[in-house]
Amino acid sequence: MALILKTDIERGDSWYRAFRTLMPELELREWDQPGNPEDIEYALIWAPPRGALRRFPNLRAIFSIGAGIDHLASDPDLPPGVPVVRMVEPGLTAGMSEFVVMSVLYHHRFMIEYAQQQRAHVWREIEQIPARRRRVGIMGLGVLGGDAADKLCGFGFDVAGWSRSAKTRPGVTSFHGPGGLVPFLNRTDILVCLLPLTAQTEDILNAETLAALPRGAAVISVGRGRQVVEEDLLAALDSDHLSGATLDVFRTEPLPPDSPFWDHPKVVVTPHIASMTIAETAAEAVVENIRRIEAGQPPLHVVDLARGY
Ligand code: NAP
Ligand code: GLV
């Protein structure tokens, strides 16, 4: 039983260590040295070249190293009939909730304004707003958005979520579907975008949707860069319709050196690190699914490629 691994060199060793402990009978092969392609039954990958997975005729499952599967869904030549499994693992979820909570608190506590004041040597208090009066809205109330919503509720924020289907999550007001989007945006002071990238969510944060946010709102973009029309976001920041933005994902990554976001006084830039898959805990999720498949059961968290997530 062999698994082909395509990951960055820095993180390769931690996967080897984790699988050796959890499933010693699983042979790990490196992407560039697959050996006999017929041996490969599983793939654990990030952004393979288009069509490259077709060279493994006995593949039984494709595991995405990340939660997002847009790097696979964009390949028109995936091997047909092989389930694609997204990454659901506690390390990734916890990391995203940490980042979202940190960023919401940053905007809630006027840190964009205080950072500007510090640069200008200005000592001025801004009146604090209680969390219960701050309306946080999370686009995408799935595994990651749902956990972040629960953690924000713990701080007392007035939390709502927007998803495709209606949700009943204690303490979280649910909006759903295209009809729910504008009412959701109208009541959102701090917007968190945690949607998967699909044909429906591409460019979803644009001049029109940003205008539906109340004046002074902040945007935290942690889903995918192509969900944001960057010129529209810049215009909304420069016109002071938005008070600030935390941007972790961009249309072009790495963010080009001449991007206006780097030096924008109202923007926090991070290099797509809001959360990372942790090999130690993620290998447990992969091994659980391999055991299921070997026992003739369907794997957990299979994506619907037609739906895009
Ligand atoms: P998930 O569990 O599949 O949740 C996706 C959520 O988005 C669901 O609530 C879904 O609604 C909603 N949704 C999808 N399409 C929609 C649409 N057209 N309209 C309204 N709602 C829609 O995914 P996840 O595990 O939470 O991950 C979300 C995304 O986070 C990933 O796809 C990835 O792009 C991003 N991510 C970023 C980082 C980073 O470091 N920046 C790290 C990890 C993940 P339903 O519940 O009704 O289906
Ligand atoms: C990271 O962006 C992921 O999708 O896990």
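## Exercises: two ligands and two sheets

The shell around ligand 2 is made up of two nonpolar residues, three polar ones and one charged one. The structure is a predicted model, and the exercises below walk through its ligand sites and its sheets.

**Exercise 1. Find the residues around ligand 2 and sort them by class.**

Step 1. Start by locating the shell: Trp46, Gly66, Ala67, Gly68, Arg224 and His272 are the residues around ligand 2.

Step 2. Now sort them. Glycine counts as polar in this scheme, and so does any residue that is in neither the nonpolar nor the charged list. The shell then divides into two nonpolar, three polar and one charged residue.

**Exercise 2. Which atoms of Ala67, Gly68 and His272 lie 2.7 Å, 2.8 Å and 2.6 Å from an oxygen atom of ligand 2?**

Step 1. Look at the backbone. For Ala67, a backbone N or O atom is 2.7 Å from a ligand 2 oxygen. For Gly68, a backbone N or O atom is 2.8 Å from an oxygen atom of the ligand.

Step 2. Turn to the side chains. His272 places a polar side-chain atom 2.6 Å from an oxygen atom of ligand 2.

Step 3. Finish with the cover. On its own, ligand 2 has 200 Å² of accessible area, and the protein covers 83% of it.

**Exercise 3. Describe the surroundings of ligand 1.**

Step 1. There are 28 residues around ligand 1, and those that come nearest are Val143, Ser165, Lys167, Asp248 and Tyr309.

Step 2. Sorted by class, this shell holds 13 nonpolar, ten polar and five charged residues.

Step 3. Ask which elements contribute. Helix α5 (143-154) and strand β7 (158-163) each supply at least two residues of the shell.

Step 4. Check the backbone distances. Arg164 has a backbone N or O atom 3.0 Å from a nitrogen atom of ligand 1, and Val222 has a backbone N or O atom 3.0 Å from a nitrogen atom of the ligand. A polar backbone atom of Ala274 is 3.4 Å from an oxygen atom of ligand 1.

Step 5. Of the 940 Å² of accessible area that ligand 1 has on its own, the protein covers 93%.

**Exercise 4. In what order do the strands of the five-stranded sheet run, and which are the edge strands?**

Step 1. Write down the order: β2-β1-β3-β4-β5, an open sheet with parallel pairing.

Step 2. Pick out the strands that pair on one side only: these edge strands are β2 (27-30) and β5 (84-85).

Step 3. Zoom in on one edge. Strand β4 (residues 61-64) is joined to β5 by two bridges, and Ile62 stands opposite Val84 in β5.

Step 4. Add the helix. Helix α1 (residues 9-22) packs on this sheet and touches β1 (2-6), β2 and β3 (40-45). The direction of α1 makes about 165° with that of β2.

**Exercise 5. Do the same for the sheet of seven strands.**

Step 1. The order is β8-β7-β6-β9-β10-β11-β12, and the sheet is open with parallel pairing.

Step 2. Its edge strands are β8 (172-176) and β12 (267-269). From one strand to the next, the twist averages 15°.

Step 3. Inside the sheet, β9 (residues 190-193) and β10 (residues 217-221) pair over four bridges. Cys193 has Ser221 of β10 as its bridge partner.

Step 4. Lastly, helix α8 (residues 230-238) lies across β11 (242-247) and β12, at about 140° to β11.

Methods
Residues numbered from 1 in each chain as written. Chains lettered and ligands numbered in written order. Predicted model: local features only at pLDDT ≥ 70, side-chain atom pairs only at ≥ 80, totals over all residues. Heavy atoms only, no water. Near = heavy atom within 4 Å. Polar contact = N/O pair within 3.5 Å; in protein donor to acceptor, adjacent residues only side chain to side chain. Areas by Shrake-Rupley, 256 points an atom, 1.4 Å probe, with all protein chains shown as cover. Pairing = 2+ DSSP bridges. Contact = heavy atoms within 4.5 Å. Axes fitted to C-alpha atoms, helices over the stretch in contact; angles between N-to-C directions.
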